[in-house]
Amino acid sequence: KGAVLASVSLLALEASAKVKNNTEGSAPTLSFGGSLTASAIGVKQKQRYNGPQQTVQSKGNLVVNVSGKANNGLGYGGLAVLEFDRAKANHDRISEAYVFMNHDRFGNIKIGDAEGTEKLMMYSGGDVLGGLGGASGDLNKMITMTRGVDFTTNIAASNDTAPKIVYASPTVHGFQVGLSYTPNTRYYGRFNTNRTISGNGSISSTASSPYSTNHLAGGLSYNRAFTNTNLGLYLVGVTGKGHGAHENGQSNTLFKVKNVNAWQVGTLVDYKNFQLGASYFDKGNSLIKQGTNWSNTHGVDVAIGYDFAQNANAAIGYTHTERKVSNNGKAKADILTATVDYALVPGLVVFGEFDNFRLRAPDAYVTSTTDVASTGADIYANVPTTNGNNNGQAFIVGTKVRF
């Protein structure tokens, strides 16, 4: 990542001399931006864990961008995102670092650690919600997750910044096409988990989880403006070869997993002061152990928001997800979210969020160590068997500063 930024700096220095005497181009410039969010959280839930039920947390990021424009209309540069989430203190602080080029005629391309097409070209209910984003935010950090449940509302890997190439075409008659290729999601794109199953079936705390190679994502979007209305439609899909090897690169594989095959369709509609976002996604059997009849997650999310004024917004949303877990039924999640955001001054927002959640899975799946050992570690079973069905509420108030 350091080499990427150094290369961009050298590119900027070289290009600056070529545009000094040409008014159509612009010399590379360095800019900074980002955000800081602080929130106070209270959780009332059936299943309590050892952590506090009331807490204060903060997170943020700093975006460093160097960009310029050549006299032929080609834009270029590099970008890096530094994370300030204290909960990720042991993780890489640089979440994204890539070189980019763009042109009105040819589209844009990114090379490096960047988000994939399946995220960049998808909008859903989470994009309408304020606060911390409900199911699409950090709710899973605040509550006791029921074993086997997943309520992530997109089909991308939980950390989708593995080194890749991302391309987006110009928009023609409202249509745009996107592609991204990741050689190996093992590098900053693997599914996150804290546990794995050793050869004798016992749970260990070493970080190991499935990943994919030749990970290919494609997207198609359509946007059209009408009187007082803007309609956006989005479709993305991903494929990849599934692997279940160790985190540390050992060649032995404890279990074989199914290939990645997933898709999602979404919409974002603006009508006067209203905004509607919704999506349906299906992860199929992606990264589920071969030889089982388990499935990965599919679900739906929808949210509607209303702007009361230029500085006030309220939204309400609903998320439902489910997945098959052996022959014992399904693991499900239902989450209702309400948010209110109010801008005190440009760049300073105060917000409130309320989440009502219900998580459940079959008792035989939650409590059985045999099932978990035989699967070699279901990617959603990385929590204790004591984490049974859970329901409750989360109350959040906080502030956001954008610069």
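This section describes the overall make-up, the nonpolar cores, one buried asparagine and the second largest pocket of a predicted model.

The protein comprises five helices and 18 strands. Of its 403 residues, 46% count as buried. Among contacts with a separation of 6 or more, 65% are accounted for by residues 24 or more positions apart.

In soluble globular proteins, nonpolar side chains tend to be buried together. In the present model, the largest nonpolar core contains 44 residues, and those with the most contacts inside this core are Val43, Leu139, Met142, Ile143, Phe151, Leu359 and Tyr365. Strands that each supply at least two residues of this core are β1 (26-45), β11 (229-243), β12 (260-271), β16 (330-345), β17 (348-360) and β18 (390-402). Helices α3 (139-142) and α4 (363-367) likewise each supply at least two of its residues. The surroundings of Ile143 were examined further: with residues up to four places away in sequence not counted, Ile143 touches Val43, Gln45, Phe151, Phe357 and Leu359. A second core, separate from the largest, consists of five residues, including Leu79, Val81, Tyr98 and Phe100.

Asn184 is located in strand β7. With a relative accessible area of 18%, Asn184 falls under the 20% cut-off and is therefore classed as buried. A polar atom of the Asn184 side chain lies 2.8 Å from the backbone nitrogen of Arg186. When neighbours within four places in sequence are left aside, the residues in contact with Asn184 are Ala162, Tyr211, Ser212 and Thr213.

The second largest pocket has a volume of about 220 Å³. Its lining is formed by 16 residues, of which Leu120, Met121, Ala168, Gln176 and Ser221 are the closest to the pocket centre. By residue class, this lining divides into seven nonpolar residues, eight polar residues and one charged residue. At least two lining residues are supplied by each of the strands β5 (107-113), β6 (163-168), β7 (175-184) and β10 (211-226), and by helix α2 (117-120). The greatest contribution to the lining of the second largest pocket comes from β6, with three residues. Strand β7 thus appears in two of the descriptions given here, as the place of Asn184 and as a supplier of residues to the lining of the second largest pocket.

Technical notes: Residues numbered from 1 in each chain as written. Predicted model: local features only at pLDDT ≥ 70, side-chain atom pairs only at ≥ 80, totals over all residues. Heavy atoms only, no water. 1 Å grid on protein atoms, 1.4 Å probe; cavity = no way out; pocket = protein on both sides within 12 Å on 5 of 7 lines; lining within 4 Å. Points joined across faces, edges and corners; volume = space filled by probe spheres on them. Helix = DSSP H or I, 4+ residues; strand = E, 2+ residues; numbered from the N terminus. Nonpolar A, V, L, I, M, F, W, Y, C, P; charged D, E, K, R; others polar. Core = buried A, V, L, I, M, F, W, Y, C linked by side-chain atoms within 4.5 Å. Buried < 20%, exposed > 50% of the residue type's maximum accessible area, 1.4 Å probe, protein only. Contact = heavy atoms within 4.5 Å. Polar contact = N/O pair within 3.5 Å; in protein donor to acceptor, adjacent residues only side chain to side chain.
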